[in-house]
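Here are some friendly exercises to work through with the sequence and the 3D view side by side. Try each task before you read its solution.

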Amino acid sequence: MESEIIKLKQQEIIAEYGEWTNHNIHLGNGIYTISNQGNGSENKVRRILQIIADTINKPWEKVRVLDLACLEGLYAIELALQGAQVVGIEGRKANIAKANFAKHSLGLDNLQFIQDDVRNLSKAKYGSFDVVLCLGILYHLDVPDAFYFLESIAEVCENLAIADTHVSMNAEKCYLYKDQKYWGSSYVEHSAEATPEDKEKSLWASLDNPTSFWFTRYSFYNLLAAVGFTSVYECHNPPVINYERKRLNQETDRNTFLAIKGKQITLKSTAVETAQNPAKWPEKAKLIQTKPGN
């Protein structure tokens, strides 16, 4: 698409839906959705791309990726530019319009954006994916939707799920799901007086639920195991840098989590009960600290 046409259409999008809120995408010929100075979002994109490249043993052209609650489409677009087959699901019309504008400006036929509620995710509706991105969405859901959502992610995920999410530092509330207790804290998403129109305009909040639930780290680990992921990791490199605050953006209550869907092993060198029943992370019990050398 020619530069002048891109600029004209970009202004039309802004006039109807407002400025881009976060995803700074290069549309070609020095045209960006936000600024040619960068806004730090590229650091998180680099982290996510590096995780996938280091984990998935396939050429990009053979990788199918699902980007849940894809906002303005940056991660989906980057993956499509790398050559992956990508589906982005987003609940808000404004974000879909911006994402599709960037997609068409870059001529990405291997990318599809769909307006839908991520709570509608299922294998029957969307198929299966090598990689599922759950970036900045889990902590906007409330229970029991958060439980169902993670089960749906496990259902459609063939290999790797990446969740960039907040976790609660306090075990204030407890919910029972499938005979397992999960702890965390509740947070306000919308005021009690918020109208459907108000909620639609709150681009950085939930679609409709007035509150959300943040799992503690241990409960999040346990839930990922319960829905079918065999190992979970936290990413520390590449780092994410907040340029506005001039510091590393490695918050204690947020990180990027990798959940691998593999085959559960059975140990052969120890007791049968221990071998067949992997341990769960304790929520309130004190962990046993061993002396060096033990």
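**Exercise 1.** Find the bridge partner of Ser185 in E10, and work out which strands of the sheet stand at the edges.

*Solution.* Start at Ser185: its bridge partner in E10 is Trp214. Helices (H or I, at least four residues) and strands (E, at least two) are DSSP runs, numbered from the N terminus. Next, look at the pairing: strand E9 (residues 180–188) and E10 are antiparallel and share five bridges; two strands pair if DSSP finds at least two bridges between them. Then widen the view to an open sheet of three strands, ordered E8-E9-E10 with antiparallel pairing. Strand E8 (173–177) and strand E10 (211–215) each have a single partner strand, so they stand at the edges, with one side of each left without a neighbour in the sheet.

A word on the model: it is predicted, so local features need pLDDT of at least 70 and side-chain atom pairs count only at pLDDT 80 or more, while totals for chains, interfaces and linings use all residues. Residues are numbered from 1 along each chain as its sequence is written, and side-chain values use heavy atoms, with hydrogens and water left out.

**Exercise 2.** Describe how H6 and H8 pack, and name the residues that meet.

*Solution.* First, take the angle and distance: helix H6 (residues 145–156) and helix H8 (residues 217–227) pack at about 50°, with axes 9 Å apart. Axes are lines fitted to C-alpha atoms, for helices over the stretch in contact, and angles run from 0 to 180 degrees between N-to-C directions. H6 and H8 are therefore oblique to each other (under 35 degrees is roughly parallel, over 145 roughly antiparallel, 65 to 115 roughly perpendicular, and the rest oblique). Now list the residues: Phe147, Leu150, Glu151 and Ala154 in H6 meet Phe220, Leu223, Leu224 and Val227 in H8. Contact means heavy atoms within 4.5 Å. Finally, place H8 against the strands: H8 lies across E9 and E10, at about 125° to E9.

**Exercise 3.** Is Thr165 buried or exposed, and what does Thr165 touch?

*Solution.* Locate Thr165 in strand E7 (residues 157–166). Its relative accessibility is 2%, so Thr165 counts as buried (under 20% relative accessible area; exposed is over 50%, partly exposed in between, with a 1.4 Å probe and protein chains only). Leaving aside neighbours within four places in sequence, the contacts of Thr165 are Leu138, Tyr139, Phe220, Asp253, Arg254, Asn255 and Phe257. Among them, Phe220 also belongs to the H8 residues that meet H6.
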